[in-house]
Number of protein chains: 2
Amino acid sequence: MPDIKHFDPDETLDVVVRLFWRQGVATTGVQDIVTATGLNRSSLYATFGGKQELYLAALRRYRERRSQPMFRRLTEGDRGLPAVAEFFDSLIAVRCSGEYARWGCMVSNAHAGAENGDPDVRAVLDRHHQELRDALYTALTAAAARAQLAAGTDPEATAELLALLAYGVNLRSRAGADARTLRGTVTAALDSIGRAPLA
Amino acid sequence: MPDIKHFDPDETLDVVVRLFWRQGVATTGVQDIVTATGLNRSSLYATFGGKQELYLAALRRYRERRSQPMFRRLTEGDRGLPAVAEFFDSLIAVRCSGEYARWGCMVSNAHAGAENGDPDVRAVLDRHHQELRDALYTALTAAAARAQLAAGTDPEATAELLALLAYGVNLRSRAGADARTLRGTVTAALDSIGRAPLA
DNA sequence: GCCATCTTGGAATCAGGATTCCAAGATACT
DNA sequence: AGTATCTTGGAATCCTGATTCCAAGATGGC
């Protein structure tokens with residue numbers, strides 16, 4: 001009997017992700033969202049609740065669509081270090097070129113903003129960090145199994161190290177860091193972890 | 001002949017730093033500043049200009065009072081790796097305990113926010129990154145001169161790596177990262193850079 | 001002590017924020 | 001087709017944002 005929605009909430013969320021990702025939650029107005037999505041205020045509120053809930057939904061969507069696929073690729077095939085190198089290459093490519101250049105990472109951005117005061121947001125951040133670390137850890141144990149690691153390299157601490165490095169890449173890319181420099185930095189990190197190639 | 005200010009702009013700026021550092025610029029209202037400083041709106045505007053100029057002044061003040069002293073200690077005495085280790089220890093201590101626990105770094109926070117759209121802010125961020133990298137580079141060349149570095153460690157790329165690691169520490173500490181974990185991560189990084197102690 | 005000049009207090013302004021409300025429109029089952 | 005039920009448009013609400021303005025107060029040189 002009821003009417004049905006005249007729009008696709010899924011598509012809408014993707015548009016909203018872009019807004020919050022680029023501008024952050026505090027500087028994005030509901031009016032911006034109305035304009036960008038073409039939706040009406042009423043539809044927005046009826047579907048998603050208020051602005052904060054919309055932000056949370058967008059943040060979760062970002063993780064699903066952007067972060068988690070990359071984490072999965074990191075562990076696929078137990079390739080070890082090459083997978084890690086590829087992960088960082090893709091990361092830097094997304095952060096420094098194309099549509100999302102200089103947007104940073106929506107999750108990293110959330111760390112720095114006041115949005116992290118919300119316990120629900122905080123939970124997403126912690127979960128994100130855990131998943132990133134775990135994926136790197138898995139890749140590093142695969143690397144160890146394939147004897148790709150230098151002696152004395154602790155996979156656990158190294159996973160955390162690489163995770164923090166990724167945050168650094170995300171942050172600096174938002175300020176316009178040079179892709180070449182970032183790639184050089186990541187290469188240095190992976191070199192110091194990997195077995196010396198000719199020695 | 002004129003009247004003089006009835007307050008100390010210097011002290012005021014320190015109070016303002018705390019506000020912007022903790023909450024960011026977008027979520028800090030002029031009213032918050034009026035309340036925290038005890039100043040009147042008129043005095044604020046007459047002395048510092050608008051909110052954005054006040055933020056810039058606070059950001060520069062933060063660097064002068066918080067960042068640059070740490071950078072200086074990093075290079076003092078050409079101690080090399082121990083100075084780097086000490087730098088990260090102090091960093092983690094400030095980020096995870098005491099008055100400023102979980103505030104992160106005001107400059108790192110600025111990277112992620114919309115404030116970095118302002119060219120003046122961007123310039124401060126770039127300058128900060130350059131100084132941090134340079135200080136680390138200086139410490140690493142001192143380390144190299146003292147034969148503290150593993151063979152094949154490139155001071156330049158490593159300086160950038162450690163700088164990005166510092167950003168990562170800053171970000172995660174704002175989300176409540178555990179100091180022990182952070183210290184372990186930094187130790188792993190420095191171990192992989194330094195000469196193996198017993199081999 | 002007086003006056004030109006700045007500072008201060010606090011109201012006033014004006015824009016924009018998020019959210020709510022209701023009448024009008026659309027839907028699908030009967 | 002009719003109707004109960006949801007969605008939609010757009011105005012209305014109410015709050016808080018930054019900034020300005022002016023009268024009143026304070027200062028230091030004369």
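Visitor: Where does B:Ala85 sit in this predicted model?

Guide: Welcome! B:Ala85 belongs to helix 5 of chain B, which runs over residues 81-96.

Visitor: What makes B:Ala85 count as partly exposed?

Guide: The relative accessible area of B:Ala85 is 27%. Buried means under 20% and exposed means over 50%, so a value in between is called partly exposed. B:Ala85 therefore gets that label. In space, the C-alpha of B:Ala85 is 7.8 Å from that of B:Thr187, although the two are 102 residues apart in sequence.

Visitor: Let us turn to chain A. How do you know that the span of helix 5 of chain A is close to the expected one?

Guide: Helix 5 of chain A has 16 residues, and from first C-alpha to last it reaches 23 Å. The expected span is 1.5 Å times one less than the number of residues, which gives 22 Å here. The two values are close, as you can see.

Visitor: Which residues of helix 5 of chain A are buried?

Guide: They are A:Leu81, A:Ala83, A:Val84, A:Phe87, A:Phe88, A:Leu91, A:Ile92 and A:Arg95. A general point helps here: an α-helix has 3.6 residues a turn, so residues three or four places apart point the same way.

Visitor: What do the buried residues of helix 5 of chain A pack against?

Guide: Their partners are helices 1 (9-23), 4 (51-75), 7 (119-145), 8 (155-174) and 9 (179-193) of chain A. Just after helix 5, A:Gly98 has a positive phi of about 80°.

Visitor: What is unusual about a positive phi?

Guide: Most residues other than glycine have a negative phi. A:Ala147 is not a glycine, and yet its phi is positive, about 60°. You will find A:Ala147 in the loop between helix 7 and helix 8 of chain A, where it is partly exposed at 41% relative accessible area. B:Arg102 is another non-glycine with a positive phi, of about 70°. B:Arg102 lies in the loop between helix 5 and helix 6 (106-112) of chain B, and its 48% relative accessibility makes it partly exposed.

Visitor: Why is B:Ser173 called buried?

Guide: Its relative accessibility is 1%. The cut-off for buried is under 20%, so B:Ser173 meets it. B:Ser173 is part of helix 8 (residues 155-174) of chain B. Setting aside neighbours within four places in sequence, B:Ser173 is in contact with B:Arg95, B:Cys96, B:Arg102, B:Gly104 and B:Leu182.

Visitor: How do you know that A:Thr28 is buried?

Guide: The relative accessible area of A:Thr28 is 1%, and buried means under 20%, so the label fits. A:Thr28 is in the loop between helix 1 and helix 2 (30-37) of chain A. Not counting residues up to four places away in sequence, A:Thr28 touches A:Leu19, A:Phe20, A:Gln23, A:Ile33 and A:Lys51. The side chain of A:Thr28 also reaches the backbone oxygen of A:Gly24, at 2.6 Å.

Visitor: What makes the link between B:Gln68 and B:Glu131 a polar contact?

Guide: Their side chains come to 3.0 Å from each other. A polar contact needs a pair of N or O atoms within 3.5 Å, one able to donate a hydrogen and the other to accept it. The 3.0 Å distance is within that limit, and the pair is counted as a polar contact. B:Gln68 lies in helix 4 (residues 51-75) of chain B.

Visitor: Which residues have the most contacts inside the largest nonpolar core?

Guide: Those are A:Phe88, A:Leu162, B:Phe88, B:Leu162 and B:Leu165, in a core of 68 residues. A second, separate core has 30 residues, including A:Ala175, B:Val17, B:Leu56 and B:Tyr100.

Visitor: How do you know that the copies meet through the same surface?

Guide: Of the interface residues of chain A, 100% are also interface residues in chain B, so the copies use the same surface. A rotation of 180° with 0.0 Å of shift along its axis superposes chain A on chain B, with an RMSD of 0.0 Å. The two copies are thus related as by a two-fold rotation axis.

Visitor: What does UniProt place at residues 29-48 of chain A?

Guide: An unreviewed UniProt entry gives the feature "DNA-binding region" there. In the model, residues 29-48 of chain A are 80% helix and 0% strand.

Methods: Residues numbered from 1 in each chain as written. Chains lettered and ligands numbered in written order. Heavy atoms only, no water. Helix = DSSP H or I, 4+ residues; strand = E, 2+ residues; numbered from the N terminus. Buried < 20%, exposed > 50% of the residue type's maximum accessible area, 1.4 Å probe, protein only. Contact = heavy atoms within 4.5 Å. Least-squares fit on C-alpha atoms with pLDDT ≥ 70 in both. Core = buried A, V, L, I, M, F, W, Y, C linked by side-chain atoms within 4.5 Å. UniProt positions renumbered as here; feature names shortened; annotations may be inferred.
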